[in-house]
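Let's take a walk through the open and closed spaces of this protein, and then through the side-chain contacts around them. Keep the viewer open as you read.

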Amino acid sequence: MKNIKLLLAACAMLLVFSACGNSQNQNGKKDTKEPTVTTSPDLAFWDLKGPVKMCDGVEFDRQGKIVKVDNHDPFSIDGPYRDYDTVTYSFTEYCQWIRNSEGYMAQMLCVESINNYVWENGRVVAETGSGEGIDWDVRYQYNPDGLLLEKNLYYLDEEGQKELVEITEYEYLDFDTHSNWTRRKVTNRDVTIGYVNEDVETRSIQYYE
């Protein structure tokens, strides 16, 4: 009788370990949910970190990769194009986004313009582009915590000489529990005419559980 009790106890323990090893959910199926990545090139491009699911109109998968921007995938199209809305009599432009060999956002091709992004230490430090007969160069400045503080916009002449035309400064007002900013003050200074404009940017962020 004693041996039978020991045998039953051993079988019960075996069933417990087997259940833990299978990681089954309440429906009896294995839990195959992928782990959520908290840092990635796509998240860094949007100045985000953590298990981000959605930031305004930008949707990410659990690997931190963009899957949709305003309900379409800009990385999957063959080239930029425009759709004409016969109701509003307006065009919607769809730009083609291109990653480099390391997975970083490298280029944005639009119908009449092109933007190229330069990365350093996991963040965008410069942006060059051209469109409508203008060539430009944008330089980014960050604080020690990696927050964007300032962008300087230069126009290039035919000889490649740069002229500073606009300075954009950022002041951060609110952050969420994942240390992502949700509200910031933006000050644009037009150097050529001395005009200054101030605004407050907000964004809504959803996270994977």
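By class, the residues around the largest pocket of this predicted model comprise 16 nonpolar, 8 polar and 10 charged ones. That makes a lining of 34 residues, and those nearest the pocket centre are A44, F45, W46, D47 and L48. The volume of the largest pocket comes to about 950 Å³. Which elements give two or more residues to this lining? They are helix α2 (41–45) together with β9 (123–131), β10 (134–142), β11 (148–156), β12, β13 and β14 (195–202). With 3 residues, β9 contributes the most.

**The enclosed space**

A search of the whole structure for cavities of 30 Å³ or more turns up 1. The volume of the largest cavity is about 30 Å³. Its walls are formed by D47, K49, L147, F175, S179, N180, W181 and R203. Sorted by class, this lining has 3 nonpolar, 2 polar and 3 charged residues. D47 is a residue to remember here: it lines the largest cavity, and it is also among the residues nearest the centre of the largest pocket.

**Aromatic rings**

Now for the rings. The count of aromatic pairs comes to 11. One of them joins Y81 and Y94, whose ring centres are 4.9 Å apart; the planes meet at 20 degrees, so the pair is stacked. Because Y81 belongs to strand β4 (residues 81–85) and Y94 to strand β5 (residues 90–94), this pair ties together parts that are 13 residues apart in sequence. Y81 has 33% relative accessibility and so counts as partly exposed.

Y104 and W119 make a tilted pair, with 4.7 Å centre to centre and 50 degrees between the planes. This contact links distant parts of the chain, 15 residues apart: Y104 is in the loop between β6 (96–99) and β7 (105–109), while W119 is in strand β8 (residues 113–120). Are the two partners buried or exposed, or partly exposed? Y104, at 22% relative accessibility, counts as partly exposed, whereas W119, at 17%, counts as buried. The cut-off explains this: W119 is buried because its 17% is under 20%.

Both Y104 and W119 belong to a cluster that ring pairs build from F45, W46, F75, W97, Y104, Y117 and W119. Two members of that cluster, F45 and W46, also appear among the residues nearest the centre of the largest pocket.

**Charges over rings**

Rings also meet charged side chains. The charged end of R123 sits over the ring of Y142, at 4.9 Å from the ring centre. K162 is placed over the face of Y154, and here the distance to the ring centre is 4.6 Å.

**Salt bridges**

The whole structure contains 9 salt bridges. Three of them are set out below with the distance between their closest N and O atoms.

| Salt bridge | Closest N–O distance |
|---|---|
| R99 and D42 | 2.6 Å |
| E169 and R189 | 3.1 Å |
| D174 and R183 | 2.6 Å |

How many residues apart in sequence are the parts that R99 and D42 tie together? R99 lies in strand β6 and D42 in helix α2 (residues 41–45), so the parts they join are 57 residues apart. R99 is partly exposed, with a relative accessible area of 23%, but D42 is buried, with 3%.

The E169 and R189 bridge also links distant parts of the chain: E169 is in strand β12 (residues 162–175) and R189 in strand β13 (residues 181–190), 20 residues apart. E169 counts as partly exposed at 27% relative accessibility, and R189 is partly exposed too, with a relative accessible area of 34%.

In the bridge between D174 and R183, D174 is partly exposed at 32% relative accessible area and R183 is partly exposed at 34%. Elsewhere, R82, E93 and E112 are joined into one network by salt bridges that share partners.

Definitions and conventions: Residues numbered from 1 in each chain as written. Predicted model: local features only at pLDDT ≥ 70, side-chain atom pairs only at ≥ 80, totals over all residues. Heavy atoms only, no water. 1 Å grid on protein atoms, 1.4 Å probe; cavity = no way out; pocket = protein on both sides within 12 Å on 5 of 7 lines; lining within 4 Å. Points joined across faces, edges and corners; volume = space filled by probe spheres on them. Nonpolar A, V, L, I, M, F, W, Y, C, P; charged D, E, K, R; others polar. Phe/Tyr/Trp six-rings, centres within 6.5 Å; stacked < 30°, edge-to-face > 60°. Helix = DSSP H or I, 4+ residues; strand = E, 2+ residues; numbered from the N terminus. Buried < 20%, exposed > 50% of the residue type's maximum accessible area, 1.4 Å probe, protein only. Lys NZ or Arg CZ within 6 Å of the ring centre and 35° of its normal. Salt bridge = Lys/Arg side-chain N within 4 Å of Asp/Glu carboxyl O.
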